[in-house]
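Let's take a walk through this fold together, with the sequence in one window and the model in the other. Open both up and follow along.

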Amino acid sequence: MATVTQHIKPTCTDFRSVARALTIVENNLNGAADLLKSLTFNIHTPVTGITGPPGAGKSTLVNAIINNLVQQGKKVAVLAIDPTSPFNFGSLLGDRIRMASHFNHPDVFIRSLATRGSLGGLSAKTIEMTDVLKASGFDHIIVETVGVGQSEVEIAGLADLTFVMLVPEAGDEIQNIKSGLMEIADAFIINKADRDGADLFINNLKKILLQSKENKVSIFKTIASKNEGIDAVTNFILAPLKIKNSRRELLLTQKVYNIIQQNKMAGIDKKKLQQDIAKALSKDDFNIYRFASTYVG
Ligand SMILES: Nc1nc2c(ncn2[C@@H]2O[C@H](COP(=O)(O)OP(=O)(O)OP(=O)(O)O)[C@@H](O)[C@H]2O)c(=O)[nH]1
Ligand SMILES: [Mg+2]
């Protein structure tokens with residue numbers, strides 16, 4: 001059956017077409033699946049992921065990186081993901097304000113999205129939206145996500161290059177950095193280096209990295225709000241990707257896994273789930289396993 005959306009071919013020379021395609025995919029509108037299947041894209045478009053705790057300075061850094069990339073004539077797309085808690089569909093205004101200086105730049109496309117309906121972390125939607133951006137012909141794609149639990153690990157399945165941002169205040173926690181975080185980081189960015197304890201923090205991180213097999217991971221020191229240390233990060237992004245085939249397979253496996261998971265979860269609406277739970281709870285013999293099995297087709 002022909003659908004209107006089949007004719008949409010997102011291209012970075014027409015941001016409206018990109019925005020429209022993203023909206024179709026994000027909301028799974030009619031024709032979304034066809035649109036995704038019709039994408040032709042250069043799988044080598046670099047996708048850079050930046051993850052880190054809330055308020056670490058990710059958007060400020062992205063803003064500074066965009067500046068550098070645009071000055072070099074690159075077209076850049078940014079996907080800023082706001083992992084709202086499962087039952088709180090929060091506001092996306094923050095990123096808009098922080099990256100506002102680029103919102104009207106002809107070479108910069110910025111989109112914020114909430115990971116609605118996903119059980120925490122990045123949803124397959126994020127992968128699909130990143131692919132729409134890849135197919136649109138941008139030179140660089142940057143995905144910003146707040147590091148909470150799974151999303152940190154999942155971003156590695158999405159990005160070719162993953163930066164984990166930390167701030168010196170995380171000092172006491174550094175011993176507890178999850179091994180998962182160590183594995184996904186291609187590089188660490190220690191932002192807010194203007195704060196006390198930055199060098200001590202970096203030294204501790206180096207020690208931890210030396211003890212682990214991840215000791216080739218680079219560490220960048222930045223003060224994003226003062227544009228310090230940004231050139232080194234930009235150069236790292238611009239360096240040719242050195243992804244091993246085994247890693248690419250691993251990344252694609254994670255991607256396909258997420259896509260399959262999303263397809264399997266299609267039709268399960270979290271709000272409705274909550275309503276159904278509320279109903280089921282009113283019965284004394286509520287059993288969560290029996291309840292869940294009614295959802296498995
Ligand atoms: N002192 C200092 N402040 C910074 C630095 N970088 C960013 N900030 C400030 O930190 C605050 C949070 O910055 P954001 O860029 O919004 O942080 P974020 O990680 O994107 O935050 P979320 O998206 O909400 O998780 C802002 O007030 C920035 O101005 C830095 O290097 N030093
Ligand atoms: Mg942000």
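What follows goes from the whole chain to its helices, its aromatic rings and its cores.

Keep in mind that you're looking at a predicted model, so let's begin with how far the predictor trusts it. The mean pLDDT of the chain is 79, and 74% of the residues reach 70 or more. Confidence is highest in helix α9 (residues 230-238), with a mean of 95, and lowest in helix α4 (residues 93-98), with a mean of 48. Residues 85-98 stay under 50, and the model gives that stretch 20 contacts beyond four places in sequence. Residues 117-121 are also below 50 in pLDDT, with eight contacts in the model beyond near neighbours in sequence.

Now for the overall picture. The chain holds 12 helices and seven strands. It has 297 residues, and 47% of them count as buried. The accessible surface is about 15,700 Å², with 54% of that belonging to carbon and sulfur atoms. Among contacts with a separation of 6 or more, 76% come from residues 24 or more positions apart.

Start at helix α1, residues 15-26. With 12 residues at 1.5 Å each, α1 should span 16 Å, and its end C-alpha atoms are indeed 16 Å apart. Its buried residues are Ser 17, Val 18, Ala 21, Leu 22, Ile 24, Val 25 and Glu 26. When you look at a list like that, it helps to recall that an α-helix has 3.6 residues a turn, so residues three or four places apart point the same way. Just after α1 comes Asn 28, which takes a positive phi of about 50°.

Helix α3, residues 58-71, passes the length check too: its 14 residues should span 20 Å, and the end C-alpha atoms are 20 Å apart. How much of α3 is buried? The count is 11 of its 14 residues, so α3 is largely enclosed by the rest of the structure. The buried ones are Lys 58, Ser 59, Leu 61, Val 62, Asn 63, Ala 64, Ile 65, Ile 66, Asn 68, Leu 69 and Val 70. You'll notice that Lys 58 and a couple of asparagines, Asn 63 and Asn 68, are on that list. After α3 comes Gly 73, with a positive phi near 80°.

On to the aromatic rings, which form eight pairs. Take Phe 15 and Phe 138: their centres are 5.9 Å apart and their planes at 40°, a tilted pair. This pair links distant parts of the chain, as Phe 15 is in helix α1 and Phe 138 is in the loop between α5 (124-135) and β4 (140-146), 123 residues apart. Phe 15 counts as partly exposed because its relative accessibility is 22%, whereas Phe 138, at 2%, counts as buried. Another pair joins Phe 163 and Phe 220, with ring centres 6.3 Å apart and planes at 65°, so this one is edge-to-face. Phe 163 sits in strand β5 (residues 161-166) and Phe 220 in strand β7 (residues 218-221), so the pair ties together parts 57 residues apart in sequence. Both rings belong to buried residues: Phe 163 has a relative accessible area of 0%, and Phe 220 has 12%.

Phe 138 deserves a second look. Ring pairs link it with Phe 15 and Phe 109 into a cluster. Leaving aside neighbours within four places in sequence, Phe 138 is in contact with Cys 12, Phe 15, Val 18, Thr 45, Lys 75, Val 76, Ala 77, Phe 109 and Leu 133. From Phe 138 to Thr 13, C-alpha to C-alpha, the distance is 9.1 Å, although 125 residues separate them in sequence.

Phe 138 also turns up in the largest nonpolar core, which has 26 residues; Leu 35, Leu 133 and Phe 138 have the most contacts inside it. The elements giving two or more residues to this core are α1, α2 (32-37), β2 (76-82), β3 (108-114), α5 and β4. A second, separate core has 25 residues, including Ala 64, Leu 69, Val 167 and Ile 189.

Finish at Thr 48, in strand β1 (residues 47-52). Thr 48 is buried, with a relative accessible area of 2%. Beyond its neighbours within four places in sequence, Thr 48 is in contact with Ile 141, Ile 142, Val 143, Ala 159, Leu 161, Phe 163 and Ile 237.

Terms used
Residues numbered from 1 in each chain as written. Chains lettered and ligands numbered in written order. Predicted model: local features only at pLDDT ≥ 70, side-chain atom pairs only at ≥ 80, totals over all residues. Heavy atoms only, no water. Helix = DSSP H or I, 4+ residues; strand = E, 2+ residues; numbered from the N terminus. Buried < 20%, exposed > 50% of the residue type's maximum accessible area, 1.4 Å probe, protein only. Contact = heavy atoms within 4.5 Å. Areas by Shrake-Rupley, 256 points an atom, 1.4 Å probe, with all protein chains shown as cover. Expected span 1.5 Å × (residues − 1). Phe/Tyr/Trp six-rings, centres within 6.5 Å; stacked < 30°, edge-to-face > 60°. Core = buried A, V, L, I, M, F, W, Y, C linked by side-chain atoms within 4.5 Å. pLDDT = per-residue confidence, 0-100.
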